[in-house]
Every structure is written in C-alpha cells, then in structure tokens.
Amino acid sequence: MITPLFAQSMAAYNAWQNESLYGAASTLSSEDRQQDRGAFFGSIEATLAHIHWGDRAWLHRLAGTPAPAGGDLASSLRLDSGWAGLVAARKATDAEISNWVAGLSDADLQGDLSWYSASVGQQMSRPIWLLIAHLFNHQTHHRGQVHAMLTAAGARPDDTDLPLTPGLETLS
C-alpha cells in the first residue's frame with residue numbers, strides 16, 4: 001500500500017523529470033525528435049506523447065478529469081497540437097497531477113477501481129493504490145526509454161536519481 005506522501009513525492013519527481021526531458025528534447029530538431037530510434041513507440045516525440053496520453057487516461061479514471069482524445073494505443077502517439085502544444089500540455093498535466101495528489105487522503109487510496117482496458121480488451125478491476133503507483137511507474141518506465149534516445153541523439157537530460165528531486169524536503 002502506498003501513502004498520499006508517496007504519491008506527492010512521485011508527482012514532484014515526475015514533474016522534475018518531465019521538465020528535464022522536454023528541455024533536452026527541445027534542443028533537438030523536429031526531425032531528430034521524430035526519428036525512429038527503435039524504441040517501443042519509435043521516436044522521442046511519439047514516446048513522450050504516449051506518456052502524456054497515458055497520464056490523461058489514468059487521471060480520467062482516478063480523478064474524473066476529461067478523457068484523452070482517442071481510445072486506443074495508436075491515438076496515444078499523435079501530437080495533435082504539435083511539439084509546442086505537447087510541451088504546454090505536459091506542464092499543465094504535471095500541475096494537475098500535483099494538485100490532485102495534494103488532496104489525497106488515506107481513505108482515497110482504499111477500494112478498487114473498475115474500467116474497460118482497450119489494450120487488453122476487457123473489463124478490469126484493481127486496487128486504487130496500485131493504479132496510482134502504476135500511473136507513476138508507467139511514466140518512469142517510458143521516460144527511461146526517452147532518456148536513452150535523447151542521450152544517443154546528443155542531448156543532455158538531468159540526472160534521474162529520485163533523492164535529488166527538488167522540493168522533496170518540503171513534503172510532509
């Protein structure tokens with residue numbers, strides 16, 4: 001079981017890491033960001049778009065926010081508003097995640113959540129605390145892929161060590 005403090009810490013970490021990766025990606029040309037680099041989702045841009053889409057899908061399920069456009073994996077790779085739009089949307093979503101977890105209580109982490117998973121084609125039900133941990137784990141997993149692609153492209157994202165997250169000392 002996780003705690004609200006865990007969720008708040010992970011939200012701070014993810015916002016910090018997203019800022020780092022988006023900043024590093026912004027130093028590359030559009031062609032470099034869109035180049036297929038052999039990762040699961042191909043390019044830096046497609047992987048970042050997928051992470052963002054996944055966050056919007058989980059926020060919809062967990063916090064009742066609007067669902068992201070499209071309901072399948074293919075739609076998670078599109079940048080409908082271009083690179084600048086994705087950068088702005090990422091910042092807004094990170095702020096939304098931080099605001100949402102700031103209001104979580106222990107009681108909010110109890111119980112199960114049911115939803116239809118298009119990726120496995122069936123109704124699912126899992127503990128809410130596990131799904132919140134998944135929200136952050138999904139970001140971390142795919143950001144690792146982006147970090148590797150950025151490094152290979154010559155960009156320099158920040159360190160990724162969780163204890164270095166700015167502001168963690170202020171959470172309680």
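## Report on a hairpin and a helix pair

In the hairpin formed by E1 and E2, 4 residues lie between the strands, and one residue, Gly121, adopts a positive phi near 70°. The model under discussion is a predicted one.

The two strands of this hairpin, E1 (residues 112-117) and E2 (residues 122-127), run antiparallel and are joined by 6 bridges. Among the paired residues, Ser117 has Gln122 as its bridge partner in E2, while Ser114 is bridged to Ser125. The faces of E1 can also be told apart. Leu113, Trp115 and Ser117 make up the covered face of E1, whereas Asp112, Ser114 and Tyr116 make up the uncovered one. In a regular strand, side chains alternate between the two faces of the sheet. Ser117 thus combines a place on the covered face of E1 with a bridge to Gln122; Ser114 combines a place on the uncovered face with a bridge to Ser125.

The table lists the two bridge partners named above.

| Residue in E1 | Bridge partner in E2 |
|---|---|
| Ser117 | Gln122 |
| Ser114 | Ser125 |

Attention now turns to helix H3. This helix contains 20 residues and spans 28 Å from its first C-alpha to its last, close to the 28 Å expected at 1.5 Å a residue. Of the 20 residues of H3, 17 are buried, so the helix is largely enclosed by the rest of the structure. At the start of H3, the backbone nitrogen of Glu45 has a side-chain oxygen of Ser43 within 3.5 Å. After the helix comes Gly64, with a positive phi near 80°.

H3 (residues 44-63) also packs against helix H5 (residues 128-152): their axes come within 9 Å and cross at roughly 170°. Because a crossing angle over 145 degrees counts as roughly antiparallel, H3 is roughly antiparallel to H5. The residues of this contact comprise 12 nonpolar, 8 polar and 2 charged ones.

A further site is Ser81, which belongs to the loop between H3 and helix H4 (82-102). Ser81 has a relative accessibility of 55% and therefore counts as exposed, the cut-off for that class being over 50%. Between Ser81 and Asp94 there are 18 Å in space, C-alpha to C-alpha, at a sequence separation of 13 residues.

Technical notes. Residues numbered from 1 in each chain as written. Heavy atoms only, no water. Axes fitted to C-alpha atoms, helices over the stretch in contact; angles between N-to-C directions. Parallel < 35°, antiparallel > 145°, perpendicular 65-115°, else oblique. Nonpolar A, V, L, I, M, F, W, Y, C, P; charged D, E, K, R; others polar. Buried < 20%, exposed > 50% of the residue type's maximum accessible area, 1.4 Å probe, protein only. Pairing = 2+ DSSP bridges. Expected span 1.5 Å × (residues − 1). Polar contact = N/O pair within 3.5 Å; in protein donor to acceptor, adjacent residues only side chain to side chain.
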